[in-house]
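I opened my notebook to look through one protein chain. I wanted short notes that I could check against the picture.

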Amino acid sequence: MFDSSGLGGSHHCTASVVNSPGGDLIVTAAHCLGSASDVFVPAYHDGVAPYGVWHLQRVVTDSQWRADSNPDDDVAFAVVAPLDGHTVQSVVGGYDLESDQSASGQVTLTGYPETAQDPVTCTNQISSFSSTQNEIYCTGMTGGTSGSPWVTGGGAGTVMGVIGGYQQGGDTPDLSYSVVFGQGVQSLYAEAMSGGN
């Protein structure tokens, strides 16, 4: 995720495409999306945007997040505008969304640190931090990796979390958090697909 300056600006968070009927949704942390003026640059590396620069049309966050930035609601979806007549999902693919995942198992995180030109990846076991938050030990997840997807399963994979939540994802680069994806996230996803905010 870059600010409105695009590649000339700073990349401040990470997001991923989630499969949807419209093929136009990304998921990230709510604290990453202050407005729809940000842009999404999938597979960015070394100053290159191999799949283009995609503009956001709409940001969808939970009402509790908008009211008081509750860390248990630190998840957001954004609707991505078409580029050259194509949806973002048709160009780069997407992950299925998991909203009934236990706080165990192995996931892979891929994020884009603000100070790097390439992503970092980590695979490890998750555990429960609280009834509403999961945690994972992964080194190198510094500023800019907020919103990084927690991907489980083989093949195209399934997103069951994003770096965010407690302390906006953590206060050290080695321990990250995610909101537990449950009915609230599923409802937010449905809202994003339906056109509401």
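These entries go from the pocket to the strands, then to the rings and some single residues.

**Entry 1: the model**

I noted at the start that this is a predicted model.

**Entry 2: the largest pocket**

I looked up the space first. The largest pocket holds about 460 Å³. I then asked which residues come closest to its centre. They are Ala15, Ser16, Phe40, Ala43 and Tyr112, out of 23 residues that line the pocket.

I also checked what kinds of residue make up the lining. I found 16 nonpolar and 7 polar residues, and no charged ones. Three strands each give at least two residues to this lining: β1 (16-18), β7 (106-111) and β10 (149-152).

**Entry 3: the open sheet**

Next I traced a sheet. It is open and has 5 strands, in the order β1-β2-β5-β4-β3. The pairing is antiparallel. Which strands stand at the edges? They are β1 and β3 (39-40). Each has a single partner strand, so one side of each has no neighbour in the sheet.

I followed β1 to its partner. It pairs with β2 (residues 25-28) over 3 bridges, in the antiparallel sense. One residue pair to find in the picture is valine 18 with leucine 25, its bridge partner in β2.

**Entry 4: around β10**

I came back to β10, since it helps to line the largest pocket. What does β10 pair with? I found two partners to note. β7 and β10 run antiparallel and are joined by 2 bridges. β10 and β11 (residues 158-162) also run antiparallel, with 4 bridges between them.

I marked one residue pair for each. Leucine 109 has tryptophan 150 in β10 as its bridge partner. Proline 149 has valine 162 in β11.

Then I looked at the side chains. In a regular strand they alternate between the two faces of the sheet. In β10, Pro149 and Val151 point one way, while Trp150 and Thr152 point the other way. All of these are buried.

Just before β10 I stopped at serine 148. It sits in the loop between β9 and β10. Is serine 148 buried or exposed? Its relative accessible area is 0%, so serine 148 is buried. A polar atom of its side chain lies 3.4 Å from the backbone oxygen of threonine 110.

**Entry 5: aromatic pairs**

I searched for rings next. The structure holds 3 aromatic pairs. I wrote up two of them.

One is phenylalanine 77 with tyrosine 189. Their ring centres are 5.7 Å apart and their planes stand at 50 degrees, so the pair is tilted. The pair links distant parts of the chain, 112 residues apart. Phenylalanine 77 is in strand β5 (residues 76-80), and tyrosine 189 is in helix α3 (residues 183-194). I checked how covered they are. Phenylalanine 77 has 0% relative accessibility and is buried. Tyrosine 189 is buried too, at 10%.

Another is phenylalanine 129 with tyrosine 177. Here the centres are 4.8 Å apart and the planes are at 65 degrees, so the pair is edge-to-face. Phenylalanine 129 lies in the loop between β8 (120-128) and β9 (133-137), and tyrosine 177 lies in strand β12 (residues 175-179), so the pair ties together parts 48 residues apart in sequence. Phenylalanine 129 is partly exposed, with a relative accessible area of 35%. Tyrosine 177 is buried, at 6%.

**Entry 6: two positive phi values**

I checked the backbone angles. Aspartate 46 is not glycine, yet its phi is positive, near 50 degrees. I found aspartate 46 in the loop between β3 and β4 (54-61). It is partly exposed, with a relative accessible area of 48%.

Serine 69 also has a positive phi near 50 degrees, and it is not glycine either. Its place is the loop between α1 (63-68) and β5. Serine 69 is partly exposed, at 43%.

**Entry 7: a long distance**

My last look was at threonine 61, in strand β4. It is buried, with a relative accessible area of 8%. How many Å separate threonine 61 and aspartate 174 in space? I read 27 Å from C-alpha to C-alpha, while the two are 113 residues apart in sequence.

Conventions:
Residues numbered from 1 in each chain as written. Predicted model: local features only at pLDDT ≥ 70, side-chain atom pairs only at ≥ 80, totals over all residues. Heavy atoms only, no water. 1 Å grid on protein atoms, 1.4 Å probe; cavity = no way out; pocket = protein on both sides within 12 Å on 5 of 7 lines; lining within 4 Å. Points joined across faces, edges and corners; volume = space filled by probe spheres on them. Nonpolar A, V, L, I, M, F, W, Y, C, P; charged D, E, K, R; others polar. Pairing = 2+ DSSP bridges. Buried < 20%, exposed > 50% of the residue type's maximum accessible area, 1.4 Å probe, protein only. Phe/Tyr/Trp six-rings, centres within 6.5 Å; stacked < 30°, edge-to-face > 60°. Polar contact = N/O pair within 3.5 Å; in protein donor to acceptor, adjacent residues only side chain to side chain.
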